[in-house]
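Q: I have a model open and do not know how to read it. Where do I start?

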Amino acid sequence: MIAHLLLSNGMEFDGVSVGAEGTAYGEICFNTSMAGYQEILTDPSYSEQIIVMTYPEIGNYGINRNDFENEKVFAKGMVMKNYCYNYSHYLAEQTLSDYLKCNNVVGISGVDTRRMTTIIRESGTMSCLITTENVTDEMRKKLQNWQMDKDVAKNASKNKILKYPGDGVRFVVIDLGLKNSILKNLTNANCDVILLPWSATEKDILSYEPDAVLFSNGPGNPEDAVETIETIKGLIGKVPLFGICLGYQILALAMGAKTYKLKYGHRGGNHPVVNLQTNAVILTSQNHGYAVDEKTLNDNVILTYKNLNDGTLEGFSCPDLKIEAVQFHPEASPGPMDAAGIFKRWIEQAEGYKLCQKM
Amino acid sequence: MPKNVDIKKVLVIGSGPIVIGQAAEFDYAGVQACRALKEENIEVVLVNSNPATIMTDEEIADRVYIEPITVDALEQIIAKERPDGLIASLGGQTGLNMAMRLHKEGILVKYGVKLLGTSIEAIQKAEDRELFKQLMLEIGEPIPESTTVSNFDDAQDFANKVGFPLIIRPAFTLGGSGGGIATNPKEFANIVHTGLLRSPINQILIEKSIAGYKEIEYEVMRDANDTCIIICNMENVDPIGIHTGDSIVVAPTQTLTNKECQMLRTSAIKIIRALKIEGGCNVQFALDPNSNQYFVIEVNPRVSRSSALASKATGYPIARITTKIATGYHLHELKNAITHKTVAAFEPAIDYVVTKIPKWPFDKFESGDRLLGTKMKATGEIMAIGRTFESSFKKALNSLEDKNIGLFRRRFSEYSTDEIGALLHVQDDRRIFRVAEAINRGVDLEEISEITKIDKWFINKIARLVNFEQKLKQEELTPDLYMEAKELGFLDAEIAVFARKRLVDVEKIREENNVSAVFKMVDTCAGEFEARTPYYYSAYGEYNEAIPNPADKSVVILGSGPIRIGQGIEFDYCSVHCAWSVKKHGYKSIMVNSNPETLSTDFDIADKLFFEPMNIETIMNVINNEKPEGVVVQFGGQTAINLAPQLAQRGVRIIGTSLEAINTAEDRKLFEKLLRDLNIPQPKGKAVRTEEEMLAAAEELGFPLLVRPSYVIGGRGMQVVYDTDELTAYFRSALKFSDEHPVLIDQYIEGKEVEIDAIADGVDVVIPGITEHIERAGVHSGDSMAIYPTQKVKPEVIDKLVEYTEKIAKALQVKGLMNIQFVLKDDVAYVIEVNPRASRTVPIMSKVTGIKMVDIAMNVAFGQSLKAQGLKTGLADKTSLVCVKVPVFSFQKLNRIDPALAPEMKSTGEVLGIDTVFEKALIKGFLAAGYKFPSHRGDVLLSLNDHFKEQSLDIAEILYDLGFRIVATTGTHKFLKAHGIQSKEIENFDLRKIQEDMKLRRLSFVINTPTTKGHGARIGSENRGFLIRTIAEMFSTPCFTSVDTARAYLKALLYYLENHGLTYNEISEYKKFPVKI
């Protein structure tokens, strides 16, 4: 079956449909990871987005039950160069194509994905549609007017209270579109984790007597997370606060800093980041379209990490207020695990806080 | 500024001659290193015995020593140059081993030379099997159960404990030489014995075989700041059990999930951190296809063949960055050379698939053992880049420059399906084609994967291609189907075969539908950042990124494809110089080549690089895109020359010597006529089509004769025969006569062979020099030892040689390089071959004479006559420099191949000994080639055929005088006895005794001249000779198969024993001395 891809700049690409039938609109972005399509599809941060995989061979190892980042697919669609109809892997249970169909997600293969990438690089992110139907004027019109839902992070949240009991420190994790791997990094370290929805208030959170609060990754413009930002403002100074990706951005906003939209974002598993304290360089997994404007951060904030490619801020801390956050994904998935030590550090900080509280 | 400002002068050790397991990749690495050092204003002292390399050009390093890579030579050079530092990780295993020896012997400490980059301790930990094992246990990285032993009994104990199959790897050997997999006690005993012998430290590792696991490689970099990055991971299509140098390899990995990739990445980084590597490093893993169990197989603490491949596959210059790290830089302080915006501390993201296929020498060595195992056999490799695996794999197959294209091999269609199924078990160079045939026959894909242990992902992809062949056969070739074929990587010529159409008809579809190839950029970042790398590969149905600037005038240079016997690194030398020359003339140089090991495919050599198969269609794609002024074919060896007629046919201008001239030189009849017309002597010859004709021709021409089939090139199947019996035997041994393919019979003039390299402009000729071969005519010029300048050629003969060269150049209207081979007998010079193109000797002649042959030839091509270039025409003046080229062979890696010198080329590389005294140059040549001069007089085994017995008497006398004890086979013993020379007879051809003597080093060397008893059919004494030669190779006992080489060796030995002492100088030093008269 033929599928069409339309960009809001008017460009049109044809390919073969490898996913569900129908039409999907979203913001187009590209990801340069060479493996990890399953993690990417199920990462809630990709809500409302259509992902161009720059690596051409996709579907190679099928879909397995271990590599989900969430229960469902959050991306609106996937664009590929050469979908592999026959996977090969001992863990695989389903083809990528079947998985897309089951989740009602469109997929298109046979597209010049490198061309798409350079267009996004040059013109910036834009809206697009993938359809397995004939393209109509109505579709074009809808595409021109398409905007990302402001509540995208709220919708990506499980909006449930979930408990993962453990013997260790208690982490309240605010789910703004959480990746499972973040949770696993905490539970594997035996933390007592309580997952709360985006809407959790300061009171809700503190009622669990957390040793630390972690604001998760998630989709959309951080400025839209108005309620959560307010919640953070109330929490600052009361309990250690950590943030990853969107969580990092809204922590910055709550501290009075500003964020801005990047031309085409950082999405991939090869982003070099330098630790500004130790000068150590690590390779990180990234997935974000917004950045924190470091000039707008207060003086008591220490800049901790910077991206070596474009110099954007990748992390900050504020020891006075027990705040630490990173833009990149220490949980990787997909991508290198160089930053996994950050979880260990945060857990230690939570332990330290817990100890102080007792004394 | 480099962090380490104390480093002002650095010694770089090259990898020596090209042998299997160590090829052009180290010239590429070495040149990058030298350039990186010079950028930092560090003075570079370079030592390499390989004259065919670009790194030994005087422009590349500040001080170039073309000298043997021996401790003695290096100590002298270090004492003289007093370098501040040494980089050990760029000269392959040779460079690494030499650095280790210099360290062990205290030379580095003595002269205060600091080892830059990866430390001695790190090298030791990575290279010493036991230390490595300890380290892996310490850091908790899994390794297969193994033991390191130094004797057979311990090996046996381990085998009893662990059971078969077992892998045996000797420590510190090149490309796993001497190792193997043993599945039973007998194989085990054999491999252990040779393994112990081969290892320079008498040590082998025996490990539990995990054959059948996926073989995964990680190319890693680390700096002193502890930043670790992965340049690339690669997946071997062939499973563990086949040496990675002999495996088809893809990059990046295809069948691994993200988790598996990261698991191995984390392990690789943990390992290089534990080893404290500073620079590039390669880690090999075995991964269970059915679980996440993995094992660490090996770590190479240096730049390697895999890193050259990874550099070309990603665009990341590993050797260059390794050098910068060695000078103190950190990765995040260095710029990404491709984007110029980002830093070197990043991991390349690629948006294409890379396929590497090894190039094996079995087309040349038909009798050779083609089975692949832990010992590498490939001489070179090709790489292809495609937007999909399918197109990448197809391109790779078409880069092999095989007679066939694509996946289909006619010979396998003759087997029954059962036979094909059974043959899938055979692990040799042709297996991938049998896999395709099996798929074609409908053998279950699961079963194919089960037998071959090739992951089903690859089998499925190959099946897609095979099924598409069927589709082409069955369906109408519509424009859509044609386009699909192009996107999958099918060549028009292939489509024509499957669709049963003429090529022109397929090309018509292409034209009518406006189909043309586009080119995509290799940019290290999958398009994420803007890059201006001039590095491209082709694709179909996509957007073209290689838009030439209409204002640019360009020239396309055809490279020489994979390194193989007969076509080596020397052509890469020429191609690179050609690119530089083209730039100098204000044209954009455009390189097309398929070899990932070489410097010509470094993206900053030419103005634009197209990584493409050397095939007429793919080259025309480049030409159609770039619209160059013309194409240079004379530097790319036979690969490029063979493409010339097809290019000319398509209206492409050939720059330099015309196609007619090339044809005249290559066409036997035209060439004969040319020489007759010019009144230049040549051996008489005939083409015969029947046995009767052959005998009549032999009668007319007289013995000895040189016979060869007409349809082969490069001396294949060529032989010297001395009588009717030998001639008949040759004829009967599998040679087919036909009208189309007659057998060529020439007079064999058993004289001195001399060779001239010249540059001509149609009017004048510049002859940099004349070389004289040590072995008489009949040994392939590539396998002969050669001396420059000539030592024993009379001045009047030299005048004749020059005269003939000028005449031929003028008659052929050569505009560029040419090479002529002569044989001299009774002061008559006979022309045996003319090649109006770059020859193997161009780099040597350019270096020793200082006449930059390629550049001058290109100046001619651009319209500057030799006189206008201010050159002295005719034979150039000599300096006091004398040099001897010595060929180097790789027989230890190849089983069942006769090491005897013959008209067919067998060497893989060469070294050069340079001095002002001939004998010293000779000694250096032998030393550089790995020969030793025994301090104690052992036994020398003599086994001579009747033809050479008489001529060898002087050799026997010298041996006797020197105090060697001669042992001889029966016939030789009798002959020597009759001439009053004592020798000990080896009775009844006691092979076991000979083997024992070689192993215990009782035999210093062997002189064995082969007899001709038919092609391939080895009987009687000749079979014994073959066995002696093969055993000698196995035990590294020097074996001379030409009395001329033996005589030269004894001459060197005599001089050596007189203790004149050797000094080692820069090449310019030897040229500076006044000419002695």
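A: Start with how parts of a chain meet. In this predicted model, 23 residues of domain 1 of chain A are in contact with 24 residues of domain 2 of chain A.

Q: Which elements each supply at least two residues of the domain 1 side?
A: In chain A, these are strand 3 (23-31), helix 1 (37-41) and helix 3. Strand 3 of chain A gives the largest share, three residues. By residue type, this side of domain 1 divides into nine nonpolar, nine polar and five charged.

Q: Where do the two domains of chain A lie in the sequence?
A: Domain 1 covers 2-145 and domain 2 covers 152-358. Their C-alpha centres are 28 Å apart.

Q: How many residues does each chain bring to the contact between chains A and B?
A: Chain A brings 39 residues and chain B brings 42. On the chain A side, helix 3 (113-123), strand 15 (258-275) and strand 16 (281-293) each supply at least two residues. The largest share, six residues, comes from helix 3 of chain A. The chain A side holds 16 nonpolar, 15 polar and eight charged residues.

Q: Why does the radius of gyration of chain B agree with a compact globule?
A: A compact globule of 1077 residues would have a radius near 31 Å, and chain B has 28 Å, so the two agree. The C-alpha trace of chain B spans about 75 × 70 × 65 Å along its principal axes.

Q: What share of the residues of chain B count as buried?
A: Of its 1077 residues, 59% count as buried. The secondary structure of chain B comes to 38 helices and 40 strands.

Terms used
Residues numbered from 1 in each chain as written. Chains lettered and ligands numbered in written order. Predicted model: local features only at pLDDT ≥ 70, side-chain atom pairs only at ≥ 80, totals over all residues. Contact = placed C-beta atoms within 7 Å. Helix = DSSP H or I, 4+ residues; strand = E, 2+ residues; numbered from the N terminus. Nonpolar A, V, L, I, M, F, W, Y, C, P; charged D, E, K, R; others polar. Rg over C-alpha atoms; globule rule 2.2 N^0.38 Å. Buried ≥ 20, exposed ≤ 12 C-beta atoms within 10 Å, placed from the backbone. Domains from an automatic or database assignment.
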